[in-house]
Amino acid sequence: MTESEDEKSDWLPWGNRELQTMMIASESRCEDGVSDMRYKTEKIAILIAAYNGEKYLGELLDSLLAQSETGWAAYIHDDGSTDGTAAVIAEYAIRYPERFVCVEGAPSGGAKNNFFFLFRQVEAPLYMCCDQDDVWLPDKIEKTLRRMRGSGGAESRDPMTGAEKEALCDCTGGTAEVPRLVFSDLRIVDQDLRPVADSMNRYQRMCCGDLSAGHLVLDNVVVGCTMMVNRALRDRLIEVTDLTDVVMHDWWAALIAAQFGEIVYLDEATILYRQHGDNEQGARKFGPSYIMYKLTHSKQAIRGAVEEKQRQARLFAGTYGLPDDSAIRLFGDALGAGKLRRIRLYRQSGVRKSTFSRNAGLYIFG
């Protein structure tokens with residue numbers, strides 16, 4: 001071994017020299033910068049956008065291996081990590097080659113770009129997105145899949161039959177189906193998996209009963225790590241080429257489902273959403289303190305957040321050629337307009353947020 005290879009062997013606590021060599025080779029393949037690779041599967045494709053996730057990644061991957069539904073394969077792209085993330089990925093890819101695939105490609109620059117990259121690289125009937133620091137509950141895939149297929153409810157526990165698996169593409173993927181998205185609630189935990197809240201949606205007062213485009217254009221209630229989408233939605237998703245004004249991949253997917261297809265909410269937590277130093281703002285409790293937090297921000301900051309959503313709406317309307325009277329296009333047209341015209345467009349489009357106070361903030365500051 002070369003000196004650099006000897007240094008890389010220090011990643012592993014065991015003494016299996018052959019496995020160490022295979023892992024180093026696997027990591028090298030992941031750094032080749034291949035961008036035109038296509039991975040095809042008839043299984044559910046779980047997309048994992050990794051970056052400096054060494055601390056929690058192994059726990060996540062173990063939770064995938066513990067799933068009651070086994071018809072899946074995970075595709076992992078490391079976005080240029082500087083910690084031991086690449087070693088963790090390589091270890092699991094070597095030990096479980098039928099489960100974990102290292103997707104080759106240069107760093108994409110952020111989670112949004114990484115997930116879009118993975119959607120373009122992998123062809124599958126169904127897709128799920130996976131954050132590197134969460135833990136999936138054992139029946140997450142099974143329950144989400146049943147809702148995707150339009151059968152069963154949150155209480156459904158029976159694994160898919162062979163006949164159901166054979167019908168998978170006909171029911172949820174292929175080329176004839178409309179875009180379809182299923183998402184669920186989350187259980188919030190701290191960095192050590194101690195409970196914080198049983199329901200993120202109730203914790204944040206997210207209105208998952210209103211899944212219209214007029215609501216989702218302002219409030220993204222779809223958390224990407226809970227969603228499953230079919231091939232038809234994925235094909236519409238990758239039609240956008242300039243991602244500058246796309247806020248996040250899950251928000252874009254939710255808008256596609258609301259505008260062109262079907263979106264279904266599973267009112268049950270299927271995941272342990274880990275809060276730690278890098279993502280604590282992702283689950284801020286709604287209440288008086290939240291409202292005061294918003295009010296203490298400057299008018300310019302609030303207006304800037306609304307304009308970000310308007311830019312995304314304008315890009316979405318242009319990408320898919322939405323009619324002039326669609327809620328998303330009208331909301332996008334408010335970008336750069338004067339205050340009175342913005343209010344008229346908000347009322348004309350029917351856009352709305354999840355709570356009265358949030359709607360008041362939109363009309364006052366947005």
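**Figure 1. The whole chain, seen through its surface and its contacts.** The chain exposes about 16,100 Å², and carbon and sulfur atoms supply 49% of that area. This is a predicted model, so please read every view below as a picture of a prediction. Of the 366 residues in the chain, 53% count as buried. If you trace the secondary structure, you will meet 17 helices and 11 strands. Among contacts with a separation of 6 or more, 76% join residues that sit 24 or more positions apart.

**Figure 2. Helices α3 and α4, side by side.** Here helix α3 (residues 54-65) meets helix α4 (residues 85-95): their axes come within 9 Å and cross at roughly 20°. An angle under 35 degrees counts as roughly parallel, which is why α3 is described as roughly parallel to α4. The crossing of the two is right-handed. To find the contact yourself, pick out E54, L57, G58, L61, D62 and L65 on α3, then T85, V88, I89 and Y92 on α4. Sorted by class, the contact of α3 with α4 has 6 nonpolar, 2 polar and 2 charged residues.

**Figure 3. Helices α12 and α14, crossing at an angle.** This view brings together helix α12 (residues 249-260) and helix α14 (residues 299-320), whose axes come within 12 Å and cross at roughly 50°. That angle makes α12 oblique to α14. Their crossing is right-handed. On the α12 side, look for W251, W252, L255, I256, Q259 and F260; they meet K309, Q312, L315, F316, T319 and Y320 of α14. The residues in this contact of α12 with α14 divide into 8 nonpolar, 3 polar and 1 charged.

**Figure 4. Two loop residues with positive phi.** Start with N52, which lies in the loop between β2 (44-50) and α3. Its phi is positive, about 45°, although N52 is not a glycine. N52 has a relative accessible area of 31% and is therefore partly exposed. Now move to L193, in the loop between β8 (180-189) and β9 (195-197). L193 is a residue other than glycine too, and its phi is a positive value near 70°. With 26% relative accessibility, L193 counts as partly exposed.

**Figure 5. Helix α6, largely enclosed.** In helix α6 (residues 140-148), 8 of the 9 residues are buried, so the helix is largely enclosed by the rest of the structure. The buried residues of α6 are K140, I141, E142, K143, T144, L145, R146 and M148. It is worth pausing on the names in that list, as K140, E142, K143 and R146 are among the buried residues and belong to the charged class. After α6 comes G150, with a positive phi near 80°.

**Figure 6. R329 and its surroundings.** R329 is part of helix α15 (residues 327-333). Which residues does R329 contact once its neighbours within four places in sequence are left aside? They are A317, G318, G321, L322, P323 and D324. For a sense of distance, compare R329 with L315: the two lie 14 residues apart along the chain, and their C-alpha atoms are separated by 8.9 Å. You have met L315 already, as one of the α14 residues that α12 meets.

Notes
Residues are numbered from 1 along each chain as its sequence is written. This is a predicted model: local features need pLDDT of at least 70, side-chain atom pairs count only at pLDDT 80 or more; totals for chains, interfaces and linings use all residues. Side-chain values use heavy atoms; hydrogens and water are left out. Helices (H or I, at least four residues) and strands (E, at least two) are DSSP runs, numbered from the N terminus. Buried means under 20% relative accessible area, exposed over 50%, partly exposed in between (1.4 Å probe, protein chains only). Contact means heavy atoms within 4.5 Å. Accessible areas come from the Shrake-Rupley method with a 1.4 Å probe; for residues, only the protein chains shown count as cover. Axes are lines fitted to C-alpha atoms, for helices over the stretch in contact, and angles run from 0 to 180 degrees between N-to-C directions. Angles under 35 degrees count as roughly parallel, over 145 as roughly antiparallel, 65 to 115 as roughly perpendicular and the rest as oblique. A crossing is left-handed if the near helix is turned anticlockwise from the far one by less than a right angle, and right-handed if clockwise.
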